[in-house]
Structures are given as C-alpha cells and as structure tokens.
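Me: Please take a close look at a single part of this model, the interface between domains. Then set it beside the other local features that can be described.

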Amino acid sequence: MSVVILGIESSCDDTSAAVIVDGCLKSNVIAGQKVHEAYGGVVPELASRAHQQNIVPVVSEALTQAGVDKKDLSAIAFTRGPGLLGSLLVGTSFAKGMAVGLDIPLVDVNHLHAHVLSHFIRKNEDDEVPGFPFMCLLVSGGNSQIVVADSPFKMEIIGKTIDDAAGEAFDKCAKVMGLPYPGGPHIDRLAAQGNPAAFKFSKPHIPGLDYSFSGLKTSFLYTLRDNLKTDPDFIEKNKADLAASLQATIIEILLDKLGKAVKENPVKDLAIGGGVSANSGVREAVAEFCRRRGIRAWIPERAFTTDNAAMVAAAGYFKYLSNQFCDLSLPPYSRVTL
Ligand code: KG4
C-alpha cells in the first residue's frame, strides 16, 4: 500500500498544502497574503485571519492536484513551530481535526528542519538527494544559521546570527531605499544591473561561526543619510549600485563564515535553504564556493526556498517511516529553534 502524506504549512504568511506519495511530490499549493504589503511587514493578526480563509481551499486543491482522495491519506504532517503563534494555531488545529476525522496519525514538523530537508523533495523516484552528514546554510527572514544535518532527525546549529537575520538585512535596507516589502527580491532584481564594488559597507568582526548583520544595516543607513544631505536624488540615481553593493556585502559575510565552517567540519555536500537562498547572487556564489572546494552544492528550486508545505511533507515522510507520531494534545510553539 502507498504511503500518502499531506503536509500543511502555516507558520507565517503563506498557507500551503502538499501531497507526497511514496516519497514523490504530487502537489504543492501555496496561497500568499497580499494584505501585509500595505503595512511594510507581516501583521500577525491579519496573517491568522487569512490562514483561516485559505486553509480549506488550499488543502482541497492540493488533494485534487495530486489526484488523491482524503480517505487515501496515511498521515498528516504539519508545521508545529517556530513561527507566529496565531498562524501556527490555524494549521495545527486544522491538521488535528482532519487527522481525528480520518482516524490517521499526526506528525509534527519543525519548520527549520523542514527547510533543511527541502532537498529531499523528490519529483521522481531517482532524483538525487544529499548524503548525510551534510551542511546547510539556512538563511531566511527570521534565521541565519549554519547547520550540520547528521540525519533527518539530528541537526546541530554550529553558527547563528547574534542579531538580525540575512533576510532582515535585505528587507530593512530595502525599506530605507523606499522599496516595497519584502525587499529581498527587489534588491536581487536591482543588483543585476548594478556595480557590486560601487559602495563599501562595514562587515562584522565577530569570532567563531556566528553571524551579525546589524552593523551592515547601520552602515547602509549612514551612507544614505550622509549622501542625501548633498543630493536629495541620491537613492534614485544610485539604486542599482546600492542594491548590488549591499547584496555583495551580505554574500561576503555569509561565505566568510561558511568557509570557516567547512574547514572545521569537512563535508561532501553543502546545501542552502530558506527565503534568502532564492537570491541569484547567493545561489551563484555558493555554487562557485562549492566548485572550488570539490563539494557537491545543493541549490533548491526557487519554489522550495520560501515557505512551502512540500518540505513539511518531505520531513513528515521521514518521521512517518520511523513511526514518530505526535499526540493530539501537543500545542504549537513560537520560538524553539532546531
Ligand atoms: O523563508 P522565508 O520565506 O520566511 C521566513 O523568514 O521564514 O524568507 C523570507 C525572506 C525575506 O526576508 C525575503 O526578503 C527573503 O527571504 N527573500 C530574498 C529573496 N527572495 C526572498 N532575499 C534576497 N533575494 C531574494 N531573491
């Protein structure tokens, strides 16, 4: 009999459902929430309400696209945390209700584990996947971590940000340039037309494998403030160069610590994950970094970099196969890391 997993993701502002049959992805439906654009960031209360509106049609559509009847499901995997509590409650409650109704097991998934395991989303049985142990640079709006995955269940964070995440650095700098939220994709687009060496911004000098992006943010802000004093059109005239220089600095910061990490923890496979791994410059730089060191690079499809239920179903499939089910009384959590 086939193993059919329904994955549900609702940790932030994307409602997503996906179906995996015997390890292969059959559908991955994502409903974004435009309502936050006007506020320059995700408004938690509005996110929960939008999840309530989206969850039933998104799950139905995922089942329809997969050609699967709900009675065929073996288990439901859902994101239990970390994330916005109100958002997580919608997915968690829905998953519990559906599992009880269908009398099937429930599998709780850590959102960050799911990002790391997004490289195990197979479309075909013979699709290649990383070998354990592998290293993953996990860079999103909320996290910047270097993770060593020893198995689907055992992951260690060997470096993390002590202040802002890389995605926050993209978004906050984009905001002061007057770009819409989230700014990361806009910086990426503008950077393609700019000179990455046009401006120099400060880089952190902290020991070990930890990251810091707050100094860069301040340095970027001061550059704009100082130049705007003499030229009110400074941002408009230089937006491509500013974006390219900002992106180049973020990439240098990321790769500097990654270089130390692979020296201290040699690995054959290196992956990237999280929203910032959609960035063209990050993707190229990591591919080149790996090529120079003879490491296999795992660059995810863009659809699997930002929040999606395919990665939740993939992580849930691993847990299902090893009988790791969760109790119906478990609450979601907002903060736990890996
Ligand atoms: O993983 P994600 O969807 O959400 C969480 O934080 O959990 O990541 C969102 C982040 C935002 O900061 C967004 O600006 C950034 O990923 N991002 C990008 C790009 N696409 C998304 N940053 C730079 N370049 C991109 N192309």
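Reply: A salt bridge here is a side-chain nitrogen of Lys or Arg within 4 Å of a carboxyl oxygen of Asp or Glu. By that rule, the whole structure has 18 salt bridges. The model is predicted, with local features needing pLDDT of at least 70, side-chain atom pairs counting only at pLDDT 80 or more, and totals for chains, interfaces and linings using all residues. Residues are numbered from 1 along each chain as its sequence is written, and side-chain values use heavy atoms, without hydrogens or water.

The domain assignment (automatic or from a database) splits the protein into domain 1, made of 4–126 + 304–321, and domain 2, covering 134–267. Their centres, taken over C-alpha atoms, lie 28 Å apart. Twelve residues from domain 1 and twelve residues from domain 2 make the contact (heavy atoms within 4.5 Å).

The buried area between domain 1 and domain 2 (accessible area, 1.4 Å probe, lost on being put together and summed over both) is about 1,100 Å², with 80% of it on carbon and sulfur atoms. On the side of domain 1, L112, H113 and V116 lose the most area to domain 2, and together they account for 42% of what that side buries.

Across this interface the rule finds zero salt bridges. Residue pairs in polar contact, both at pLDDT 80 or more, also number zero there; the term covers N or O atoms within 3.5 Å, where within protein one must be able to donate a hydrogen and the other to accept it, and residues adjacent in sequence count only through side-chain atoms on both sides.

Two or more residues of the domain 1 side come from each of α3 (111–116) and α9 (309–321); helices are DSSP runs of H or I with at least four residues, strands are runs of E with at least two, and both are numbered from the N terminus. The most, four residues, come from α3. By class, the domain 1 side has six nonpolar, four polar and two charged residues, with Ala, Val, Leu, Ile, Met, Phe, Trp, Tyr, Cys and Pro taken as nonpolar, Asp, Glu, Lys and Arg as charged, and the others, Gly among them, as polar.

Helix α9 also takes part in a salt bridge. The side chains of D108 and K319 pair at 3.3 Å, N to O. D108 is in strand β5 (residues 106–110) and K319 in helix α9, so the pair ties together parts 211 residues apart in sequence.

Next, the backbone. Most residues other than glycine have a negative phi, and most peptide bonds are trans. F132 and P133 are joined by a cis peptide bond, with omega about -5°, and P133 is in the loop between α3 and β6 (134–139). Another cis peptide bond joins Y181 and P182, with omega about -10°; P182 lies in the loop between α4 (166–176) and α5 (184–191). D22 has a positive phi, near 50°, and sits in the loop between β2 (15–21) and β3 (24–31).

The ligand has 19 residues around it (a heavy atom within 4 Å), of which G141, D171, D188, G275 and N279 come nearest. In the side chain of D188, an N or O atom is 2.8 Å from a ligand nitrogen. Backbone N or O atoms face ligand oxygens at 3.3 Å for G142 and at 3.2 Å for G184.

Note on methods:
Buried area is the accessible area (1.4 Å probe) that two parts lose on being put together, summed over both.
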